[in-house]
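Here's a quick briefing to read with the model open. Grab your viewer and follow along topic by topic.

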Amino acid sequence: MPHEHQIPLSELLQRLDTRSEGLTQADAQTRRERYGPNRLEARGAVAPWVKFLRQFGNFFAILLMVGGSLSLVAEVLDPGQGNLHIAIALFAVVLLNGTFTFVQEYQSDRILASFSQMLPPRATVLRDGEPKVVDATELVPGDVIELAEGDRISADGRLLSHANLKVDLSSLTGESEPQLRHIECTHERLLESRNMVFSGTLVQSGSGRALVYATGMDTQIGQIVALTERTATSDSPIRRELRHFIRVISTIAMVLGVLFFAVSVVIGKGVIPSLIFAIGIIVANVPEGLLPTVTLALTMASKRMAKRHALIRNLESVEALGSTTVICTDKTGTLTQNRMRVTTLLLEGEEHAAWERAVQQEESFSLVLALATACNNAFRNAEGYEGDPTEVALLQYAHDHEVDGPRREERVAEEPFDSATKRMITLIPHEDGYRAAMKGAPEVVLAACSHVRVRGELRPLDDERRARVESTYQRLAARGERVLALAYRDVEVTDVPVDGYVLVAVAGMLDPPRPEVPDAIDRCRQAGIRVVMITGDSHLTAESLARQVGLVRGEGVVVRGPALERMNDAQLEAVLREPEVVFARATPAQKLRIVTALQSMDEVVTVTGDGVNDAPALKNADMGVAMGIMGTEVAKEASNMVLMDDNFATIVAAVEEGRTIFANIRKFVAYILTSNVPEITPFLAYVLLDIPLPLTVVLILAIDLGTDVVPALGLGSEAPETDVMAQPPRARKERLLTPNLLFMSYGIIGVIQATAGFVAYFTILFAGGWGWGEALASDDPLYRTAVSGFFAAIIVNQVADVLICRTRRASILSVGVFSNRLVWLGIGVELAMLGAILYVPALNHVLGTAPLALWQLSLGLPFAILVLVADELRRYLLRRGQPFVERRLTW
């Protein structure tokens, strides 16, 4: 069945059972009950409190809640042993992590609200044959609405009549210029036919009357809302990696907890001691401070990116940028400056670059500037230039050469630009008569001209000269320039002439590329990132710009929207494997399809966008990037990051930050995991060796949620060891938690730390007169001193650990021992917390610690020195290419 824009108006009126004078109030009320309100609505929305509760169903949260519950049980069965503090700490971590995740997800629910803000609250509609202002939600199919300059259109409709109506469709279609409307169907595609108007778009000038055929979720913007709702939000790479990491570590914790609880009961330790033991195993294995630390590190990275004009809306997306393998970018405002400029002038029979000094020497140059201002409706105010982009370009060019031109009130007559005539004519006083200035499509202006101005003289516009002009403007159009011709005719009467004009110039205009974009695209190539352009503009304009900025250097592949529509998935994937691809006249659904196809090819996709039409692709992408200046609120809400300067080069800078943060997260994961071994082994020794527990659960939490956090944040701000943009993106399957990292943390550094702890523990016990097998009460001063010695040994060795984790290959001396101030601040905080835990009486009472003498405090120091020297040797052998070190001892 033909669409609404293709059938005769009489047939559409019949289909909608209405008339050109609109509905009666009674008919409108009946239809409102049938069609519902003209409103964008979420379907199947989940209540926020339900979404919040869902955050506590993941494995990590369940594990910590089990640990917290067991601690409460232990507190009830054996009060006063510190288990209540453990429970509070564990539940607090669960609440913190759940709240953070909920906030991230809740942001995506605000997309619908931003869609709704695009619809006006009121509309002018014909009811009972009379204009009436009603609430926009009351519009129904069959209504007739009136449109005026500045109106935001409230429903999809077909034009019944108009007077030079021009509509800004950029937010819906991506079309960079406002489009003139027309009564007749001009294109087989609905969105490109000029006899249609669409909900959420803006009337820039003129007026009209339209027949409403779709409201609410049935409009084009409503279909985009539905598509956006159906589009799943992609998990960020770091979220997937953290989920895998937590699953592995939590499984280890659960298995060890249950296993050793059973062993403890079997060997006769009793249920309560065994329960405390199981809690200790679980708490020691699970890095409770990991997610808060990751969150804080990403927050710091986002603040650094804000200084580079990139506003992060979803913290996890910071790292997603670093994994990007393909950037799908739009054109206008991102690769270009989003302002049309005069770039070429065909003057006196010669082609000139508009900024050349030679063009200003031509006799006709001043006449060109006069015509450019006389036949122009753009204007300048305190905020800049306003009006049609091509007219703004001509006016600004004239102003740059200090020509203001006549005021609009001086015009005697005017024929405004019209899509049918494709030209504009103004009549102004000139000498003893009048001068008609014409501006328009070159073929139209040429047809109205009989002469051409050459070297200050009028020459007949013969076939040869006409052919030369045609060849020139066709060449400019092929370069993607928007071409207008300028002509004049002097007359003695006020009648506007339609022929007999003198051709003065042909002007080519472009939205020029941003100067920093070519270098940014080169950096993407060096970094192994492909850049794909997806735009709503024409293929000529898109390809021309792609070649200017270096996005296409060879033959390239340019795919138009209709051709893409005919492609099956296999054909699309074949196109996307090409190194240089441009998509022109792409629809929202096609943009989403391109993104989905790339993701199915295992690409990590970053998408840029600024319009409503970009929302589905922005939401589905691994990383959605909206424009801060030109972007709609819908695009911003659907995105993970907002470019405050709308600049493609900012994305590349953000990619560099993202790559660095993944490497740094791996560094502080290695740092955090190392302390697990000296936290677990005391519980194993407690059961297997029948000794007093060397480290309490409360002190484990003091490490995981206290002393480890700030040094880990310091690692999160570490500068990259090498040029991260000279390396390919990390593979999608590359794990945060690798076997080598586990081996280094658990099998080497962790073992050294545990050894340091036990040496300190037993040295203090034996020096205090303890005998093997002797039981010690939890409040015994010797026991508390020995536990404090074990704890201090871990902290001293963690200082060495944070220093070696700063680099994976480079010597710590080459990067500068003191170059990362935040690491040293973290070390200072770590040592200050150690001092407080050991020497503040109130904390001694709460945490079960005791002050240490200097010799007791330094018992772990030799092991810390061993860690520093041994890892410096490992990095040296790694740089020398020692095979075993490369295979086993690099993380």
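How many of the 11 residues of helix α26 (residues 697-707) are buried? It's 10 of them, so the helix is largely enclosed by the rest of the structure. Keep in mind that this is a predicted model. Below is a tour of the cores, the strands, the salt bridges, a surface patch and a couple of individual residues.

**Helix α26 and the nonpolar cores**

- The buried set in α26 runs through Val 697, Val 698, Leu 699, Ile 700, Leu 701, Ala 702, Ile 703 and Asp 704, and then takes in Gly 706 and Thr 707.
- As a bit of background, nonpolar side chains in soluble globular proteins tend to be buried together.
- The largest nonpolar core here counts 142 residues, and the ones with the most contacts inside it are Leu 551, Met 641, Phe 648, Phe 668, Tyr 761 and Phe 791.
- Helix α29 (residues 781-804) chips in the largest share of this core, with 16 residues.
- Take Phe 668 as a sample: leaving out residues up to four places away in sequence, Phe 668 touches Leu 290, Thr 293, Val 294 and Ala 297, along with Ala 712, Leu 715 and Gly 716.
- There's also a second, separate core of 66 residues, with Leu 139, Val 203, Leu 618 and Ala 626 among them.

**Strands β1, β2 and β3**

- β1 and β2 run antiparallel and are joined by six bridges.
- One of the residue pairs to look up is Leu 126 with its bridge partner Pro 131 in β2.
- The hairpin of β1 and β2 has two residues between the strands, and Asp 128 there takes a positive phi near 55 degrees.
- β1 also pairs with β3, again in the antiparallel sense, over three bridges.
- For that pairing, check Val 125, whose bridge partner in β3 is Ile 145.

**Salt bridges**

- The structure holds 29 salt bridges, and a few of them are worth a click.
- Arg 127 and Asp 143 make one of them, with their closest N and O atoms 2.8 Å apart.
- That pair links distant parts of the chain, 16 residues apart: Arg 127 sits in strand β1 (residues 122-127), while Asp 143 is in the loop between β2 (130-135) and β3 (144-147).
- Both Arg 127 and Asp 143 are buried.
- Asp 614 and Lys 591 bring their side chains together in a salt bridge too, at 2.7 Å from N to O.
- Lys 591 belongs to helix α21 (residues 588-600) and Asp 614 to the loop between β24 (605-609) and α22 (615-620), so this salt bridge ties together parts that are 23 residues apart in sequence.
- Asp 614 is buried, as is Lys 591.
- Arg 577 forms a salt bridge with Glu 573, where the closest N and O atoms are 3.6 Å apart.
- Is Arg 577 buried or exposed? Arg 577 counts as exposed because its relative accessibility is 55%, whereas Glu 573 is partly exposed at 22% relative accessible area.
- Further along, Asp 871, Glu 872, Arg 874 and Arg 875 are linked in a network of salt bridges.

**A nonpolar patch on the surface**

- Leu 72, Leu 84, Ile 88 and Phe 91 form a nonpolar patch on the surface, and together they have about 330 Å² of accessible area.
- Helix α5 (residues 83-116) supplies the largest share of the patch, three residues.
- Ile 88 is in helix α5, and this residue counts as exposed because its relative accessibility is 52%.

**Two buried residues to check**

- Met 725 is found in the loop between α27 (709-716) and α28 (739-767), and with a relative accessible area of 3% this residue is buried.
- Apart from residues up to four places away in sequence, Met 725 touches Arg 523, Gln 526 and Ala 527, plus Val 652, Val 655, Glu 656 and Arg 659.
- The C-alpha atoms of Met 725 and Thr 660 are separated by 9.7 Å, with the two residues 65 residues apart along the chain.
- Ser 544, in helix α18 (residues 539-548), is buried with a relative accessible area of 13%.
- Outside its neighbours within four places in sequence, Ser 544 is in contact with Arg 479 and Gly 480.

Key
Residues numbered from 1 in each chain as written. Predicted model: local features only at pLDDT ≥ 70, side-chain atom pairs only at ≥ 80, totals over all residues. Heavy atoms only, no water. Patch = residues over 30% accessible without salt bridge, like charges linked within 9 Å, V, L, I, M, F, W, Y side chains within 5 Å. Areas by Shrake-Rupley, 256 points an atom, 1.4 Å probe, with all protein chains shown as cover. Salt bridge = Lys/Arg side-chain N within 4 Å of Asp/Glu carboxyl O. Helix = DSSP H or I, 4+ residues; strand = E, 2+ residues; numbered from the N terminus. Buried < 20%, exposed > 50% of the residue type's maximum accessible area, 1.4 Å probe, protein only. Contact = heavy atoms within 4.5 Å. Core = buried A, V, L, I, M, F, W, Y, C linked by side-chain atoms within 4.5 Å. Pairing = 2+ DSSP bridges.
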